[in-house]
Amino acid sequence: RYFQEFGFTLGFTLFAFGGGYSAWKFAMTYAVFYHTMKATFSGSRAMLNPAVAFAEFMQKNISIGEFIMFWFAQAFGAFFGFGILNMMAGSFANDPANAVPAYSSDNFYSTVLNEALSVGLLIWLWLDMHSKDRSATYAEQFYGFAPGLIYFLALVFVNDSSFLNPAIFEGQWAANMFFSNQHFGMFKSGVWEAGFSVENLTMCFAPIVAAFIACLMYAHFNK
């Protein structure tokens, strides 16, 4: 299951970000990969997102250890996906010695708030479409394209976001540092300081906190 998440996150990264990025392309690529993964592997949850994996943990569908392993698998999938894109584009000009936090702009906090709200909506819809009472309705109508629609709407209105996905954020930032003109430069202290900065950690864990709150609210309103 971990290799499935790794492979499909890698493929998703290549298709969603290769040849230019747009919110519509990102959302529809997710929807197609979701359908494909569900159809290919029996019992697959097709998460592709640590925030969604955390929601599965909150629903007691996976253990905390499985959640952590899924997060690693998805992050490494995104890392290698962005690495391949960087190599294909020949963009080895980045110098990891000059690494800075990914998001340190003036609108950082508003971006975090917008992203947290968007992730909350995404998780709410995910829980609803996988509930016993509503799954059949979603399957008949737009199963899989529902979270894709939320991704699209969220990414249109959220600027400088982590794509509502900590794995994509981590993979993109790490790939830009490692697949550079100084591979071993990523082991310099400046890179690690930037990587574990408050800004980067916030972008990684804000979606998880939002997923936690969304799960609690969904459980409260659907007793």
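How many of the 223 residues of the protein chain count as buried? The share is 49%, in what is a predicted model. The legends below start with the whole chain and then move in on single helices, cores and rings.

**Figure 1. The protein chain is built from ten helices and zero strands.**
Read from the N terminus, the elements run α-α-α-α-α-α-α-α-α-α. Take the contacts between residues at least 6 apart in sequence: 76% of them join residues at least 24 apart. The accessible surface of the chain comes to about 11000 Å², and carbon and sulfur atoms account for 67% of that area.

**Figure 2. Helix α1 covers residues 2-17.**
Its 16 residues reach 22 Å from the first C-alpha to the last, close to the 22 Å expected at 1.5 Å a residue. Buried residues of α1 include Phe8, Leu10, Phe12, Ala16 and Phe17. You will also find polar names among the buried residues here, including Gln4, Glu5, Thr9 and Thr13. The buried residues of α1 pack against α2 (23-40), α4 (64-89) and α8 (166-178). After the helix comes glycine 19, with a positive phi near 75°.

**Figure 3. The largest nonpolar core has 43 residues.**
Phe17 and Ile123 have the most contacts inside this core. At least two residues each come from α1, α2, α3 (50-58), α4, α5, α8 and α10 (198-221). Helix α4 gives the most, with eight residues. A second, separate core has six residues, among them Phe108, Val112, Met203 and Ala206.

**Figure 4. A closer look at isoleucine 123 and leucine 127.**
Setting aside residues up to four places away in sequence, isoleucine 123 touches Ala51, Val52, Ala55, Ala211, Ala214 and Cys215. Leucine 127 lies in helix α5 (residues 108-129). Is leucine 127 buried or exposed? Its relative accessible area is 6%, so leucine 127 is buried. Beyond its neighbours within four places in sequence, leucine 127 is in contact with Ala55, Gln59, Ala214, Cys215 and Tyr218. Leucine 127 and alanine 55 are 72 residues apart in sequence, yet their C-alpha atoms are 7.8 Å apart in space.

**Figure 5. Phenylalanine 15 and phenylalanine 33 form a tilted aromatic pair.**
A search of the whole structure finds 21 aromatic pairs. In this one, the ring centres are 5.7 Å apart and the planes meet at 55°. Phenylalanine 15 sits in helix α1 and phenylalanine 33 in helix α2, 18 residues apart, and the pair links these distant parts of the chain. The two partners have their own surroundings: phenylalanine 15 counts as exposed because its relative accessibility is 55%, while phenylalanine 33, at 14%, counts as buried. Both belong to a cluster linked by ring pairs, which also includes Phe8, Phe12, Phe17, Phe26, Tyr30, Tyr34, Phe82 and Trp126.

**Figure 6. Phenylalanine 57 and phenylalanine 67 form a stacked pair.**
Why does this pair count as stacked? The centres are 6.5 Å apart and the planes lie at 25°, and planes under 30 degrees apart count as stacked. Phenylalanine 57 is in helix α3 and phenylalanine 67 in helix α4, so the pair ties together parts ten residues apart in sequence. Phenylalanine 57 counts as partly exposed, at 26% relative accessibility. Phenylalanine 67, with a relative accessible area of 6%, is buried.

Note on methods
Residues are numbered from 1 along each chain as its sequence is written. This is a predicted model: local features need pLDDT of at least 70, side-chain atom pairs count only at pLDDT 80 or more; totals for chains, interfaces and linings use all residues. Side-chain values use heavy atoms; hydrogens and water are left out. Helices (H or I, at least four residues) and strands (E, at least two) are DSSP runs, numbered from the N terminus. Buried means under 20% relative accessible area, exposed over 50%, partly exposed in between (1.4 Å probe, protein chains only). Contact means heavy atoms within 4.5 Å. Accessible areas come from the Shrake-Rupley method with a 1.4 Å probe; for residues, only the protein chains shown count as cover. The expected span of a helix is 1.5 Å times one less than its number of residues. A nonpolar core is a set of buried Ala, Val, Leu, Ile, Met, Phe, Trp, Tyr and Cys residues joined through side-chain atoms within 4.5 Å. Rings of Phe, Tyr and Trp (its six-membered ring) pair if their centres lie within 6.5 Å; planes under 30 degrees apart count as stacked, over 60 as edge-to-face and the rest as tilted.
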